[in-house]
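Subject: Structure for you, with notes on the ligand site

Dear colleague,

Please find the structure below, together with my notes on it. I would be glad if you could read the two side by side.

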Amino acid sequence: MPEPVRSSEPITSVGFIGLGNMGLPMATRLVKAGYQVDGYDVSPAAGKALTDAGGIYGDDLRGVLMGNTVVILMLPDSDVVDSVVRDEGFDTHSWTTVIDMSSSEPLRTRALAEELAQRKVTLLDAPVSGGVKGAINGKLTIMAGGDPEDIAEVAPILAHLGKVTRAGDVGSGHAVKALNNLLSATHLLVTSEAMLAGERFGLDPRVMLEIFNGSSGRSGSTDNKWPNFVLPGTFDSGFGLRLMLKDMRIAAHLADQVGVPDPLGHAAVELWAEAAEALDAGADHTEIVNWLRKDESR
Ligand code: NAD
């Protein structure tokens, strides 16, 4: 692979593509940290929100990339990432580092990294966990994949967004992120089953959560999702159910590809897919509980 040419100039501006539930607060943090943020999103409303936060919105890709040696992507999935990076407007300098912070598919990330290396562009993957709240507070868990030196070069930027752990070579961040979400979705589903059973038995849900959170059944579902989004009935975590299903499928596919049996993971994918069919396209992932509730009548 050709070696990318490194720039010795300090990085003062960042391109940011994908200004949705996560991208906007992350870009806003970079603005507040003093970077010039050149943002792009297909949604002009998202662009307006960035402008309101002090960033610069360009209505085409080329404008966003001009002059930026670091470009962050926070897009829905690998299909969109590939289409953006392969767009003729994605006309990068040869020394650009592209950081894909979306939850993308690890093997496609590796393939894209090889393709970009031909243009002397470095691709790093740095997906995140911590939700919209973590994005707002700069408390994301960032799972980075790539060469340690390349990660170190962009670490000062990522430090404004959360804590970086190097997962391994390029694609490793995306692999561990998908596996994390398979865990997260599976325990949210079984937690919800347990909560509904307990409620039907006559237990107080808040008391159940207090006991689970001091016991071995504790998880992000019992100490965050149920108390903050399910019990208040807001279902507004900001993470779409379909995006969660996408991540679960990536993880189940990964297990298949490496030849590890994951019968529970596949069963969870099927159940979440049924929920995605039954609920609105824009449903929050915490609405899995509502799908189960409707199903109680079966
Ligand atoms: P989102 O749907 O809110 O935002 C995606 C943004 O990308 C939208 O603003 C959309 O207009 C824009 N977009 C779509 N196609 C585009 C294109 N071709 N060019 C430019 N912009 C385009 O999604 P999100 O919740 O912000 O998630 C982004 C990524 O982060 C996903 O991969 C998701 O799985 C992951 N993630 C989300 C959360 C969460 O809590 N929401 C947490 C961790 C990781």
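The notes that follow deal with the ligand and its surroundings.

Please bear in mind that this is a predicted model, in which local features need pLDDT of at least 70 and side-chain atom pairs count only at pLDDT 80 or more, while totals for chains, interfaces and linings use all residues. Residues are numbered from 1 along each chain as its sequence is written, and side-chain values use heavy atoms, with hydrogens and water left out.

The ligand is surrounded by 26 residues (a residue counts if one of its heavy atoms lies within 4 Å), and the closest are Asn21, Met22, Asp41, Pro76 and Gly238. By class, this shell holds 14 nonpolar, 8 polar and 4 charged residues, where Ala, Val, Leu, Ile, Met, Phe, Trp, Tyr, Cys and Pro are taken as nonpolar, Asp, Glu, Lys and Arg as charged, and the others, Gly among them, as polar.

Both domain 1 (13–169) and domain 2 (175–294) contribute at least three residues each to the shell, the bounds coming from an automatic or database domain assignment.

Backbone N or O atoms also approach oxygen atoms of the ligand: the distance is 2.9 Å for Met22, 2.8 Å for Pro76 and 2.9 Å for Ser103. Taken alone, the ligand exposes 830 Å², of which the protein buries 85% (accessible areas by the Shrake-Rupley method with a 1.4 Å probe; for residues, only the protein chains shown count as cover).

With best wishes

Note on methods:
A polar contact is a pair of N or O atoms within 3.5 Å; within protein, one must be able to donate a hydrogen and the other to accept it, and residues adjacent in sequence count only if both atoms are side-chain atoms.
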